[in-house]
Amino acid sequence: MHLTAGDVVMTLDRAKAPCAVNSFASLVAQTYFDNTDCHRLAQGFVLQCGDPTATGAGGPGYSFPDELTGKETYPRGTVAMANAGPDTNGSQFFIVLADAQLPPSYDVLGAVSDSSMAVVDAIEAKGYDPNHPVTQNGGWPAWGAHIDTITAS
């Protein structure tokens, strides 16, 4: 993922969430994520991306069922699907900034490489954009969270 702040290498795991990873890969191939902004930073928690409207309500026009075992964990660097409740996966995803105690309700796509977390940490360090409201759920990242493109290799 090529962000303004730098490149973030993600390794996706089809064995854990085949539908989620296939959907993500399809959206990447369609350049769905290109030239979009990560719209939510919750410092010490997550950076959320994947909504081309940057409102937190956008998506690809479809959803798919959860692929959960009930044993999912969310350590630092995890990439997981954001959702609005059971079986509402679409295009939004998040990167976990610090080990998170979340219920096993989010499909795990994979992980960000340790070296790439420095890029994500730099985005977090810049904090929130003062021109956007900050809520208990986070705010708009101040810098570096524009997705130029995501490519697959």
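Q: What is the relative accessible area of Gly70?
A: Gly70 lies in the loop between β6 and β7; the helices (H or I, at least four residues) and strands (E, at least two) are DSSP runs numbered from the N terminus. On the scale used here, buried is under 20% relative accessible area, exposed is over 50%, and partly exposed is in between (1.4 Å probe, protein chains only). Gly70 is partly exposed, because its relative accessible area is 47%.

Q: What kind of model is this?
A: Residues are numbered from 1 along each chain as its sequence is written, and side-chain values use heavy atoms, with hydrogens and water left out. Local features need pLDDT of at least 70, side-chain atom pairs count only at pLDDT 80 or more, and totals for chains, interfaces and linings use all residues, since this is a predicted model.

Q: How far apart are the C-alpha atoms of Gly70 and Ala152?
A: Let's look at Gly70 once more, in its loop between β6 and β7. Along the chain, Gly70 and Ala152 are 82 residues apart. In space, their C-alpha atoms are separated by 29 Å.

Q: What is the volume of the largest pocket?
A: Ala152 also helps to line the largest pocket, and lies nearest its centre together with Met10, Leu12, Thr151 and Ser153. A pocket is an open set of points on a 1 Å grid, where a 1.4 Å probe fits, with protein on both sides within 12 Å along at least five of seven lines; lining residues have an atom within 4 Å of a point. The space filled by probe spheres set on those points is the volume, and for the largest pocket this is about 380 Å³.

Q: Which element gives the largest share of the lining of the largest pocket?
A: The lining has 16 residues, and they divide into 11 nonpolar, 3 polar (Gly counts among these) and 2 charged. Both β3 (10-12) and α1 (18-29) supply at least two of them. The largest share, 4 residues, comes from α1.

Q: What is the volume of the second largest pocket?
A: This pocket is lined by 13 residues, and nearest its centre are His39, Arg40, Thr135, Gly138 and Gly139. By class, its lining has 3 nonpolar, 9 polar and 1 charged residues. The second largest pocket has a volume of about 220 Å³.

Q: Which residue meets Arg76 in a salt bridge?
A: The structure holds 1 salt bridge, meaning a side-chain nitrogen of Lys or Arg within 4 Å of a carboxyl oxygen of Asp or Glu. It links distant parts of the chain, 45 residues apart: Arg76 is in the loop between β6 (46-49) and β7 (78-81), and its partner is in helix α2 (residues 117-126). Arg76 is partly exposed, because its relative accessibility is 37%. At 2.7 Å, N to O, the residue that meets Arg76 is Asp121.

Q: Within what arc do the buried residues of α2 fall?
A: The buried residues in α2 are Met117, Val119, Val120, Ile123 and Glu124. They line one face of the helix, because the directions from the helix axis to their C-beta atoms fall within an arc of 160 degrees.

Q: Which residues are exposed on the other side of α2?
A: The buried residues of α2 pack against several strands, among them β1 (2-3), β2 (6-7) and β9 (108-112). On the other side of α2, the exposed residues are Ala125 and Lys126.

Q: What is the phi of Asp87?
A: Asp87 is found in the loop between β7 and β8. Asp87 counts as partly exposed, because its relative accessibility is 41%. Although Asp87 is not a glycine, its phi is positive, at about 60 degrees.

Q: Which residues is Ala100 in contact with, leaving aside its neighbours within four places in sequence?
A: Ala100 is in the loop between β8 and β9. Ala100 is buried, because its relative accessible area is 10%. Taking contact as heavy atoms within 4.5 Å, Ala100 is in contact with Phe45 and Tyr74.

Q: Is Gly144 buried or exposed?
A: Gly144 has its place in the loop between α2 and β10 (146-149). Not counting residues up to four places away in sequence, Gly144 touches Leu3, Thr4, Ala5 and Ile123. Because its relative accessibility is 7%, Gly144 counts as buried.
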